Amino acid sequence: MNVFLETYGCQMNISDSEVIRSVLSNAGYTLVPVIDQAQVVLINTCAIRENAHRKIYGRLDTLRPLRKKMQQEKGHFVVGLLGCMAQNLKETILKHPVVNMVVGPDNYRALPELIAKVSETDTNKNLQVIDADLSEYETYQGIDPNRFDGVNAWVVIMRGCDNFCTFCVVPYTRGRERSRALDDILGEVHALVLQGFQQVTLLGQNVNSYQANGISFADLILEVANVPGIERVRFTSPHPKDFPEPLLEAIAIHPNICKHIHLPLQSGSDRILELMNRTYTKNEFIQLTQKIRQIIPNISITTDIIVGFPTETEADQQETIDLIKTVEFDSAYIFKYSERKGTIASKKYPDDVPPEVKTRRIVALFDLQHEISLNKNQAKIGSTINVMVEGETDKRPGFQMGKSDGNMTVIFPSTPHLPGELIPLEIKNATTATLLGQTLTIPVLTQT
Ligand code: SAH
Ligand code: SF4
Ligand code: F3S
């Protein structure tokens, strides 16, 4: 049977889709690139904000005509909703007329069996299946993810989240924290080198809370960076509470560990941080960024911020503005608070900041961060930075693109260099999100 798989959401979902592809192809299913060739459509979903849900509902609506046509022609058609929205909504989303299978993020090993069950059934019986039980152990150990080609391989080192930030749905959709054994991870990384990957990104909902048999995240990242053939190691997404000095020192001393830390702030107001259950204060956060910059000079620090959390006042917003000015993040993802059903915030704090106030606040933060990012990027003009080539860019014909150590996108006139090669580039120009580079003109030494 042919399967079409579509992925929404974060890197963890991209990585999960690689596991799904592997599970299905091992069971004899064929993954197809075009939806019209498929008897099975799987949608791996995200639930983080309401617009993630909205996007999926819109997508399901577009599948109505296809379901009708396939049912008439073939008698059966499977539309499976997977991922965080499936886990979150369970039976409710199974009522959607297009969906006849719902599978949560810990249940992908069962997919071949579940698909067989729904598709063998006469459509008149309209059988539906659901498997959305969270596991305390599932890490998909033993499944070799079916990765797409490229320079980067995602390597899941832990799953789940125990932090319960009051706004966040992830602890409910991904369940409890669990880490993979060091040897299993290293085995995977060695294999990735043989497959030709130059970079690995260690993944986890709280990647730096990794803990397995006394091995900490600092121990693990050094071991991974020491695997011969691995040129770059990145990690995402960490929590500010787990940055002990040994971890900062590991990042500082190992040339292969990228000098980039994503440090989600969420708010600059102590009152709001407390309501969010973020477990740090504004000053602790500022001190952490100072310590990071002291131990790892030239580190790039990026962040996530939420505006309009319940009860947020203009004074709270001003504190976030002040903190952004103090820390000067290299870039920031800024979101409007979106109430998620089942979360602590949804039960305790009414979503009382009006939409137009959220919009005004997000625009103010966007403008401020743009200015900071632009200044920081323009300061790089004239310097030389190492860029890992990723390939041709669609945005500008005749140009290649790559990533700096600090995870900035750099575009440059095409060279003969292949994806995965590290090359020095001189920065010629900069916008808020992109650097423009040029290969160095090396003086030709002639013998006289
Ligand atoms: N584990 C990661 C977060 C993953 S979610 C971490 O702790 O950093 C990515 C970002 O989405 C969060 O950092 C937060 O800024 C944002 N987010 C999460 N829930 C949200 C909500 N209910 N409304 C708006 N933004 C939210
Ligand atoms: Fe969500 Fe907080 Fe866990 Fe991040 S740490 S996934 S924001 S609950
Ligand atoms: Fe979305 Fe789930 Fe990732 S809610 S952000 S796909 S962990």
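Let's start with the contacts of ligand 1 in this predicted model. An oxygen atom of the ligand sits 3.0 Å from an N or O atom in the Arg49 side chain. Pairs like this are polar contacts, meaning N or O atoms within 3.5 Å of each other. Here are three of them:

| Ligand 1 atom | Protein partner | Distance |
|---|---|---|
| oxygen | N or O atom in the side chain of Arg49 | 3.0 Å |
| nitrogen | polar backbone atom of Gln205 | 2.7 Å |
| nitrogen | polar backbone atom of Ser338 | 2.8 Å |

On its own, ligand 1 has 550 Å² of accessible area (Shrake-Rupley method, 1.4 Å probe), and the protein covers 88% of that.

Who's around the ligand? There are 16 surrounding residues (each with a heavy atom within 4 Å), and Gln205, Pro264, Gln266, Asp304 and Ser338 are the closest. By class, this shell has 7 nonpolar, 4 polar and 5 charged residues. Strands S15 (300-307) and S16 (331-336) each bring in at least two shell residues; strands are DSSP runs of type E with at least two residues, while helices are H or I runs of at least four.

Now for helix H10 (residues 245-253): Leu247, Leu248, Ala250 and Ile251 are buried there, with under 20% relative accessible area (1.4 Å probe, protein chains only). They're on the same side of H10 because they span an arc of only 155° around the axis, going by the directions from the axis to the C-beta atoms. The buried residues of H10 pack against helices H9 (217-225) and H12 (282-295), plus strands S13 (232-236) and S14 (260-262), with contact meaning heavy atoms within 4.5 Å.

Residues are numbered from 1 along each chain as its sequence is written, and chains are lettered from A and ligands numbered from 1 in the order written. Local features need pLDDT of at least 70, side-chain atom pairs count only at pLDDT 80 or more, and totals for chains, interfaces and linings use all residues, while side-chain values use heavy atoms, leaving out hydrogens and water.

Conventions
Polar contact = N/O pair within 3.5 Å; in protein donor to acceptor, adjacent residues only side chain to side chain. Nonpolar A, V, L, I, M, F, W, Y, C, P; charged D, E, K, R; others polar. Buried < 20%, exposed > 50% of the residue type's maximum accessible area, 1.4 Å probe, protein only.
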